[in-house]
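Visitor: I'd like to go through this fold with you and ask where the labels come from. Could you show me the chain before we start?

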Amino acid sequence: MQLSLNPYVTSRVYSLGEEQSPLLVVDNFLQNAELLVDDACQHNFIQNSPLYPGLRAPAPMNFQSLLLSALGRQLKQVFDLKGSKLALSLCQYSLVTMPADNLTLLQRIPHFDSTKRDELAAIFYLFKDDLGGTSFYRHNKTGYEYIDDERRIPYFKSLESENESGNVPTHGYINGDTPLFTRIGEQKGVFNRLIVYRRQILHSGSISSSFIPNLDPRKGRLTVNIFIDCVE
């Protein structure tokens, strides 16, 4: 499978919320993104994360190499990364398969993936139907939009104190403002769009209450989920 950068690729940088966290949005990333959908259909998807509400399979190495070669310099500039070398610690096809009523509490609220400033996450959307994108949030009680080492314990203590408030969601994916969280930004899930953000930021998939999971990668909510680390 020969992947190549789209000659019409475009990128934009946004600042999220009051804390101005950067968000990189790259459209028309690959010239032949459909090849990844074809490749995903050849894989056996399995559940490998207690937090991700679906199944995953490994994405091809040539996609990983292309991503780093095409975006490495821009990532360092946009996110002001301190190290000199980037590497991927996760790069997997991801397919949302869990019905809204089956979610755990941690899957019904925004999450963060790391407390480290120079650790990034990326999502590459590989579906064409309107199946939702990705939203970013502020925790109302603390005002936190990202969680670092200093904020981690106060944040979890604050969440725990809200357990008896009656505002904790009992079902469904979060998709907008709630009594506990305010949405500070959203990117639509557009085929061949790649978004990159710091793993510290509170985020969640924007999935509607009418979402019906589909286990067919050609028809379901297929993405590539990526962790990018600054290793030197």
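Guide: Here is a round of questions and answers on sheets, cores, cysteines and aromatic rings.

Visitor: What kind of model is this?

Guide: It's a predicted model, so every value we'll discuss is computed from predicted atoms.

Visitor: Fine. What makes β1 and β3 edge strands?

Guide: Start with the sheet. Seven strands make it up, ordered β1-β2-β8-β5-β10-β4-β3, with antiparallel pairing. β1 (10–16) and β3 (54–58) each pair on one side only, and that's what puts them at the edges. From one strand to the next, the twist averages 25°.

Visitor: How do you know that β3 and β4 pair?

Guide: Count the bridges. Pairing takes at least two of them, and β3 has five with β4 (residues 86–96), in the antiparallel sense. For a concrete contact, look at L55, whose bridge partner in β4 is L95. β4 also pairs with β10, again antiparallel, over nine bridges; there A87 has D229 as its bridge partner.

Visitor: What makes β4 "mostly covered"?

Guide: Nine of its 11 residues are buried, and buried means under 20% relative accessible area. As for what lies over the sheet, helix α2 (residues 61–78) lies across β1, β2 (21–27), β4, β5 (119–125), β8 (194–198) and β10 (222–230). The helix runs at about 115° to β4.

Visitor: Which residues have the most contacts inside the largest nonpolar core?

Guide: F63, Y93, F124, L126, I226 and I228, in a core of 36 residues. At least two residues each come from β2, α1 (34–40), β3, α2, β4, β5, β8 and β10. Apart from that core lies another one, of 21 residues, including M98, A100, L103 and A121. As a general point, nonpolar side chains tend to be buried together in soluble globular proteins.

Visitor: There's a second sheet as well. Why are β7 and β9 said to stand at its edges?

Guide: That sheet is open and has three strands in the order β7-β6-β9, paired antiparallel. β7 (181–187) and β9 (203–205) each have a single partner strand, so one side of each is left without a neighbour in the sheet. The twist here averages 30° from one strand to the next.

Visitor: And how do you know that β6 and β7 pair?

Guide: The threshold is at least two bridges, and six of them join β6 (residues 134–139) to β7, the two running antiparallel. Within that pairing, R138 stands opposite T182 of β7.

Visitor: On to the cysteines. Why is C230 not bonded to C91?

Guide: Their sulfurs are 17 Å apart, and C91 holds the closest cysteine sulfur to that of C230, so the gap is too far for a bond. The cut-off for a disulfide is 2.5 Å. C41 is in no disulfide either: its nearest cysteine sulfur, in C91, is 17 Å away. The structure holds zero disulfides.

Visitor: Why is C41 called partly exposed?

Guide: Its relative accessible area is 25%. Partly exposed covers the range between the 20% limit for buried and the 50% limit for exposed, so C41 belongs there.

Visitor: What makes the pair of Y125 and F127 edge-to-face?

Guide: Two values. The centres are 5.8 Å apart and the planes sit at 75°, while the limits are centres within 6.5 Å and planes over 60 degrees apart. Y125 is buried at 0% relative accessible area, and F127 counts as buried at 4%.

Visitor: Why does the pair of Y173 and F211 get that label too?

Guide: The ring centres are 6.4 Å apart and the planes at 90°, so this pair is edge-to-face. Y173 is in the loop between α3 (149–161) and β7, and F211 in the loop between β9 and β10, so the pair ties together parts that are 38 residues apart in sequence. Y173 is buried at 11%, and F211 counts as buried at 13%.

Visitor: How many aromatic pairs does a search of the whole structure find?

Guide: It finds 10. There's also an aromatic cluster, formed by F29, F63 and F124.

Notes. Residues numbered from 1 in each chain as written. Predicted model: local features only at pLDDT ≥ 70, side-chain atom pairs only at ≥ 80, totals over all residues. Heavy atoms only, no water. Helix = DSSP H or I, 4+ residues; strand = E, 2+ residues; numbered from the N terminus. Axes fitted to C-alpha atoms, helices over the stretch in contact; angles between N-to-C directions. Contact = heavy atoms within 4.5 Å. Core = buried A, V, L, I, M, F, W, Y, C linked by side-chain atoms within 4.5 Å. Buried < 20%, exposed > 50% of the residue type's maximum accessible area, 1.4 Å probe, protein only. Phe/Tyr/Trp six-rings, centres within 6.5 Å; stacked < 30°, edge-to-face > 60°.
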